[in-house]
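Here are my notes on the model you sent over, point by point. Have the structure open while you read.

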Amino acid sequence: MPFVRIDTLGTDPARLDALGRAVQDALVETLGVPPDDRFQVLTGHDGATSTLRHGDHLGLCKDDSVVFVAITMRSGRSPERKRALYRRIAELVHERTGTAPRNVLVSVTENTCIDWSFGDGEAQYAPADGEPAGALP
């Protein structure tokens, strides 16, 4: 159950939805995340009251179609699966929104089972002693 935050310039609801669907589909395809485990915050910045800043780090020249994707998920995925995830996000975002892959910045933050509560003030992935923890998809 990754938690995804997507930030981009522009507040077009159709583009925001396409970005969210692209990231979710990439998570399903590359990491086996269940399709219904979609927890996302999609934010379009208008450039006036809120904006994004970007540079040309590592020679990847970004422009105002930049997309920042921050994914928080439980640890345990291999570097190969993460690389596949990054590639697939860039491919799907390009296919669905026309955003150049160089403009897609993805960051993954990992944590453990005790770091999640899905509601009711409980740590559903970190059961009481003796009970099995939830497995990664």
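1. The protein has two helices and four strands, and from the N terminus on they come in the order β-α-β-β-α-β. Keep in mind that this is a predicted model. The C-alpha trace spans about 50 × 35 × 25 Å along its principal axes.

2. On the overall packing: of the 137 residues in the protein, 32% are buried. If you take the contacts with a separation of 6 or more, 70% of them are between residues 24 or more positions apart.

3. Now helix H2, residues 79-97. How far apart should its ends be? With 19 residues at 1.5 Å a residue, the expected span is 27 Å, and the end C-alpha atoms are indeed 27 Å apart, so the two values agree. Right after H2 comes glycine 98, which has a positive phi, near 80 degrees.

4. Which residues of H2 are buried? They are Lys82, Leu85, Ile89, Ala90, Leu92 and Val93. You may want to click on Lys82, a lysine in that buried set. As for what they pack against, the partners are helix H1 (13-31), strand S3 (67-74) and strand S4 (104-111).

5. The structure holds seven salt bridges, and a few deserve a look. Start within H1: arginine 21 and aspartate 17 pair up through their side chains, at 2.8 Å from N to O. They sit four residues apart in the helix, so about one helical turn separates them. Buried or exposed? Arginine 21 is partly exposed, at a relative accessible area of 35%, and aspartate 17 is partly exposed too, at 34%.

6. The next salt bridge joins arginine 96 and aspartate 25, with 2.7 Å between the closest N and O atoms. This pair ties together distant parts of the chain, since arginine 96 belongs to helix H2 and aspartate 25 to helix H1, 71 residues apart. Arginine 96 is partly exposed, at 33% relative accessibility, and aspartate 25 also counts as partly exposed, with a relative accessible area of 27%.

7. Loops get a salt bridge as well: the side chains of aspartate 63 and arginine 102 meet at 3.3 Å, N to O. Here again distant parts of the chain are linked, with aspartate 63 in the loop between strand S2 (39-45) and S3, arginine 102 in the loop between H2 and S4, and 39 residues from one to the other. Both ends are partly exposed, aspartate 63 at 30% relative accessibility and arginine 102 at 36%.

8. There is also a network of salt bridges, and it links Glu29, Arg88 and Glu91. Try displaying these three side chains together.

9. What lines the largest pocket? The lining consists of His54, Gly55, Asp56, His57, Leu58, Leu60, Lys62, Phe68, Pro101, Arg102, Val104 and Leu105. By type, that lining divides into six nonpolar, three polar and three charged residues. The volume of this pocket is about 220 Å³. Note that Arg102 appears in the lining and is also the partner of aspartate 63 in the salt bridge of point 7.

10. Leucine 58, another residue of the pocket lining, is worth a backbone check. Its phi is positive, near 60 degrees, and it is not a glycine. Leucine 58 lies in the loop between S2 and S3. Its relative accessible area is 73%, so it counts as exposed.

11. A positive phi also turns up at aspartate 120, about 60 degrees, again in a residue that is not a glycine. Where is aspartate 120? You will find it in the segment after S4. At 76% relative accessibility, aspartate 120 is exposed. From aspartate 120 to isoleucine 71 the distance is 23 Å, C-alpha to C-alpha, and the two are 49 residues apart in sequence.

Terms used: Residues numbered from 1 in each chain as written. Heavy atoms only, no water. Expected span 1.5 Å × (residues − 1). Buried < 20%, exposed > 50% of the residue type's maximum accessible area, 1.4 Å probe, protein only. Contact = heavy atoms within 4.5 Å. 1 Å grid on protein atoms, 1.4 Å probe; cavity = no way out; pocket = protein on both sides within 12 Å on 5 of 7 lines; lining within 4 Å. Points joined across faces, edges and corners; volume = space filled by probe spheres on them. Nonpolar A, V, L, I, M, F, W, Y, C, P; charged D, E, K, R; others polar. Salt bridge = Lys/Arg side-chain N within 4 Å of Asp/Glu carboxyl O.
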